[in-house]
Amino acid sequence: MEEQKPEWAEIMKSSPFSGSHFTKEINNLVMEKAALRTKAKRISNLSIVLFSIMVIVILLVGIPSFSNRMPNDTTIAKPDAYTDQEWAVRHSYAENGSVLFTIFPEPSLEAGIRQGYMIHFTSPFTFFQDKTLTIRAVHKETGIQTILQHPTLITEPSPGYESLGRHTVFFELPLGGSWRHIIELDGVQYGDAVLTVNEPSWEVSPLFTSGIYQMRGKKLQIGFIDPGFIAGKNNKYMWHFWGPLEDIAGDFEVLAIKEGSNQVIPVYSADEIWTQTLNGADNSLPSSMSLPEPGRWRLMPYMNGKLIASIVVDVKEV
């Protein structure tokens, strides 16, 4: 005998709506969404397959070398762009007898280590407000350029000041000698100054541990797994980067200079790097590099035109 259903079961049979709400339009929308999900799933599966193929190719044939690519035009300038008189050391810039700014470096300014400047601008803050400020430096002997401060929108005065009277910048320069510091506002040169920087140490950069690997470089800043360098021989090197993503992603290039020489050579260049955490680092990049002669070399890795840090290595004979 069939069990008698409660009264509420009969009530639930009827639709809560006054009319039919599963219309033809809703039916079509559901079908379109289902088709999109299917397409997205196919694309995802295809991406996984392509990535797997890429990994297999890298394992079989190695990482492509970009060592024959020249670095960005902004990284190496013409060393003879200024006369010797224009390279005279001066920490201030003046126009019509008025000083526009003065740079105050740390007392013992040395290449190869992270240091800072304080820049005192004399114009009122309203002159700088809502303008972009860029600072770059050019090395007299080699023509190397490096960005000290990427274009930065000025919206507030220096802390504790009503003007831009104490603007601070932190960076690292790779080489000793004369460096021309060029300040730009909205992409137009505002003025420059010339500072002398002491020679860096040429001791081989130390090894540090990250994950299960030993890396050469600067801990929690930049390093690569170092199998060693043999003159004229390509090898694979996995770079690791630490820091905010905006500082460790973008155009990457490596320049190098041999101890006792002023000739800078391009070693590696890539338009963009893979965003991939690895071995405790915030980002990583595989590369293939070689250095042409035995001796001691300084590697200078740049990200978006700004030097990250310099790394000294020994290169052995074949």
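Mentor: Let's start with a term: two strands count as paired if DSSP finds at least two bridges between them. Keep in mind that we're looking at a predicted model.

Trainee: Okay, let me try that on β19. Which residue is the bridge partner of Leu299 in β19?

Mentor: That's Ile311. Leu299 belongs to β17, residues 295-303, and β17 is joined to β19 (residues 311-316) by five bridges, with the two strands running antiparallel.

Trainee: Which other strands are joined to β17, and by how many bridges?

Mentor: Strand β14 (residues 252-258) is joined to β17 by seven bridges, again antiparallel. Then there's β18, residues 306-307, which has two bridges to β17 and also runs antiparallel to it. Tyr302 is a nice residue to click on: Glu253 stands opposite Tyr302, and Leu307 in β18 stands opposite Tyr302 too.

Trainee: How many residues sit between β17 and β18 in their hairpin?

Mentor: Two, and Asn304 is in that turn. Have a look at its backbone: phi of Asn304 is near 55°, a positive value in a residue other than glycine.

Trainee: Is Asn304 exposed, partly exposed or buried?

Mentor: For that you need the cut-offs: buried is under 20% relative accessible area, exposed is over 50%, and partly exposed is in between. Asn304 has 28% relative accessibility, so it counts as partly exposed.

Trainee: Now the strand before that turn. Why is β17 called largely enclosed?

Mentor: Because seven of its nine residues are buried, the strand is largely enclosed by the rest of the structure. For the whole chain of 318 residues, 39% count as buried.

Trainee: Where else can I find a positive phi in a residue other than glycine?

Mentor: Try Leu220, where phi is near 60°. Leu220 is in the loop between β10 (213-218) and β11 (222-225). With 60% relative accessibility, Leu220 counts as exposed.

Trainee: And how do I read a loop residue such as Gly280? Where does Gly280 lie?

Mentor: Look between β15 (264-270) and β16 (283-289): the loop there holds Gly280. Gly280 is exposed, at 57% relative accessible area. Leaving out residues up to four places away in sequence, Gly280 touches Ser210 and Trp242. Its C-alpha atom is also 9.2 Å from that of Ile212, although 68 residues separate the two along the chain.

Trainee: Can we do a sheet next? What is the strand order in the open sheet of four strands?

Mentor: The order is β1-β2-β3-β6, with antiparallel pairing. The edge strands are β1 (92-95) and β6 (167-171), each pairing on one side only. From one strand to the next, the twist averages 15°. In that sheet, β2 (residues 98-105) and β3 (residues 115-121) pair over five bridges, and Ile103 stands opposite Ile119 in β3. As a general idea, side chains in a regular strand alternate between the two faces of the sheet.

Trainee: Last one: pockets. How does anyone find empty space in a model?

Mentor: You roll a probe the size of a water molecule over the atoms, and that shows where empty space is left. Here, the largest pocket has a volume of about 400 Å³. Of the 16 residues lining the largest pocket, those closest to its centre are Arg114, Asp247, Lys306, Leu307 and Ile308.

Trainee: What classes of residue make up the lining of the largest pocket?

Mentor: Seven are nonpolar, four polar and five charged.

Conventions. Residues are numbered from 1 along each chain as its sequence is written. This is a predicted model: local features need pLDDT of at least 70, side-chain atom pairs count only at pLDDT 80 or more; totals for chains, interfaces and linings use all residues. Side-chain values use heavy atoms; hydrogens and water are left out. Axes are lines fitted to C-alpha atoms, for helices over the stretch in contact, and angles run from 0 to 180 degrees between N-to-C directions. On a 1 Å grid over the protein atoms alone, a cavity is a set of points where a 1.4 Å probe fits but cannot get out, and a pocket is an open set with protein on both sides within 12 Å along at least five of seven lines; lining residues have an atom within 4 Å of a point. Grid points are joined across faces, edges and corners, and a volume is the space filled by probe spheres set on the points. Ala, Val, Leu, Ile, Met, Phe, Trp, Tyr, Cys and Pro count as nonpolar, Asp, Glu, Lys and Arg as charged, and the others, Gly among them, as polar. Buried means under 20% relative accessible area, exposed over 50%, partly exposed in between (1.4 Å probe, protein chains only). Contact means heavy atoms within 4.5 Å.
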